[in-house]
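Here's a walk through the pockets, one well-covered helix, and the salt bridges and ring pairs of a protein model. Have a look at it first, then read on.

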Amino acid sequence: MQAITVQDREAGANGLALAELPHPHAAENDVIVKVHAAGFTPGELGWPGTWTDRAGRDRTPSVPGHELSGVVTELGYGTTGLTIGQRVYGLTDWARNGTLAQYTAVEARNLAPLPADVDHVTAAALPISGLTAWQALFDHAHLRTGQSVLIHGAAGGVGSIAVQLARAAGARVIGTGRAGDRDTALGLGAHAFVDLQAEKLEDIGDVDVVFDVIGGEILERSTALVRPGGTLVTIAEPVTVLPRDARAVFFVVEPDRVRLSDLAQRVRDGRLKPIIGDVRPLDEAVAAFTPDKRTPGKTIIRVAED
């Protein structure tokens, strides 16, 4: 089968290549999925799991990408809950070969059934962004109706989902980003928007929840905006400057089949819309890691036609 591989850690994206690999093997509780569409995170080439397995052993050449939508073609021993020919989508393990391939092996528990009226490209944009946004807002920050939330990167893959989920939950939503992101964020349901390059972040006042996807100076400045009893949640880096009389949480997204099913239902109902950026074939996936220009939304790799 064809797959995007990487084997030189120092080369970064320059070490990516389209290659031929053996068909994956379905271990116990695995399924083999024929990948129709896949998502990736450019920063994953810096993740330890891209290069080593859970025992710390080198596992290159490895296949990047951890989001997929496709069809089950094989069941491993002991696998339950899914059937051959079923449409599925979900999140693959960080320390195993990923989704930028024609076929991949995935633990069945990391996948959810995909309704027939949700296309594979849309579904592939959901797993990391959707689960991250949900877990940040509700599992970690416990966002409630009537509270206020500041969402950094409100027009990005994760932030755009977070804006929609927070607005649907009855929160007052303030988004941030670049000037060109304003209309997108407000169109998704944000009540207000802050241009981080031209406007003063501190002018928004206190909020109950801050959801950060940027890190660095923006993360540090955001700590002062969390009112007592509130929560700062970030996926960018561990928090070193703590908010006063408030909680701070750094987390990594986890698979959740039940929540994936809920997110797919929201898409079916028109209550949630992932922002899709470029859609490229597998043989252009290498270039997608280092795009010539910044495009809004999440880049998706179309591996097979629906």
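## Pockets first

The lining of the largest pocket is a mix of 19 nonpolar, 13 polar and six charged residues. For that sorting, Ala, Val, Leu, Ile, Met, Phe, Trp, Tyr, Cys and Pro count as nonpolar, Asp, Glu, Lys and Arg as charged, and the others, Gly among them, as polar.

Before going further, keep in mind that this is a predicted model: local features need pLDDT of at least 70, side-chain atom pairs count only at pLDDT 80 or more, and totals for chains, interfaces and linings use all residues. Residues are numbered from 1 along each chain as its sequence is written, and side-chain values use heavy atoms, with hydrogens and water left out.

How much space lies in the largest pocket? About 1,300 Å³. The volume is the space filled by probe spheres set on grid points, which are joined across faces, edges and corners. A pocket here is an open set of points on a 1 Å grid over the protein atoms alone, where a 1.4 Å probe fits, with protein on both sides within 12 Å along at least five of seven lines; lining residues have an atom within 4 Å of a point.

The lining takes in 38 residues, and Thr 41, Pro 42, Gly 157, Val 158 and Val 213 lie nearest the centre of this largest pocket. Helix H2 (127-140), helix H3 (157-168) and strand S15 (298-302) are the elements that give two or more residues to that lining. Helices (H or I, at least four residues) and strands (E, at least two) are DSSP runs, numbered from the N terminus.

The second largest pocket holds about 180 Å³ of space. It has 13 lining residues, with Met 1, Pro 24, Asn 97, Thr 104 and Ala 105 closest to its centre. That lining splits into nine nonpolar, three polar and one charged.

## Helix H2 and its ring pair

H2 deserves its own stop. It is mostly covered, with twelve of its 14 residues buried. Buried means under 20% relative accessible area, exposed over 50%, and partly exposed in between (1.4 Å probe, protein chains only). Among the buried ones are Pro 127, Ile 128, Trp 134 and Phe 138. After the helix comes His 142, whose phi is positive, near 55 degrees.

There are three aromatic pairs by the rule used here: rings of Phe, Tyr and Trp (its six-membered ring) pair if their centres lie within 6.5 Å, with planes under 30 degrees apart counted as stacked, over 60 as edge-to-face and the rest as tilted. One of them is edge-to-face, Trp 47 with Trp 94, at 5.4 Å centre to centre and 85 degrees between the planes. This pair links distant parts of the chain, since Trp 47 is in the loop between S3 and S4 and Trp 94 in the loop between strand S5 (87-91) and strand S6 (103-107), 47 residues apart. Trp 47 counts as partly exposed because its relative accessibility is 29%, and Trp 94 is partly exposed too, at 23%.

Back in H2, Trp 134 and Phe 138 make a tilted pair, 4.4 Å centre to centre with 50 degrees between the planes. They sit four residues apart in the helix, about one turn. An α-helix has 3.6 residues a turn, so residues three or four places apart point the same way. Trp 134 is buried at 13% relative accessible area, and Phe 138 is buried at 15%.

## Salt bridges

How many salt bridges does a search of the whole structure find? The total is 14, where a salt bridge is a side-chain nitrogen of Lys or Arg within 4 Å of a carboxyl oxygen of Asp or Glu. Three of them are set out here.

| Acid | Base | Closest N and O atoms |
|---|---|---|
| Asp 53 | Arg 57 | 2.9 Å |
| Asp 262 | Arg 266 | 2.8 Å |
| Asp 269 | Arg 271 | 3.1 Å |

Asp 262 and Arg 266 both lie in helix H6 (residues 257-269), four residues apart. Asp 262 is partly exposed at 22% relative accessibility, while Arg 266 is buried at 14%. Arg 57 counts as exposed because its relative accessibility is 54%. Elsewhere, Glu 202, Glu 217 and Arg 221 are linked in a network of salt bridges.
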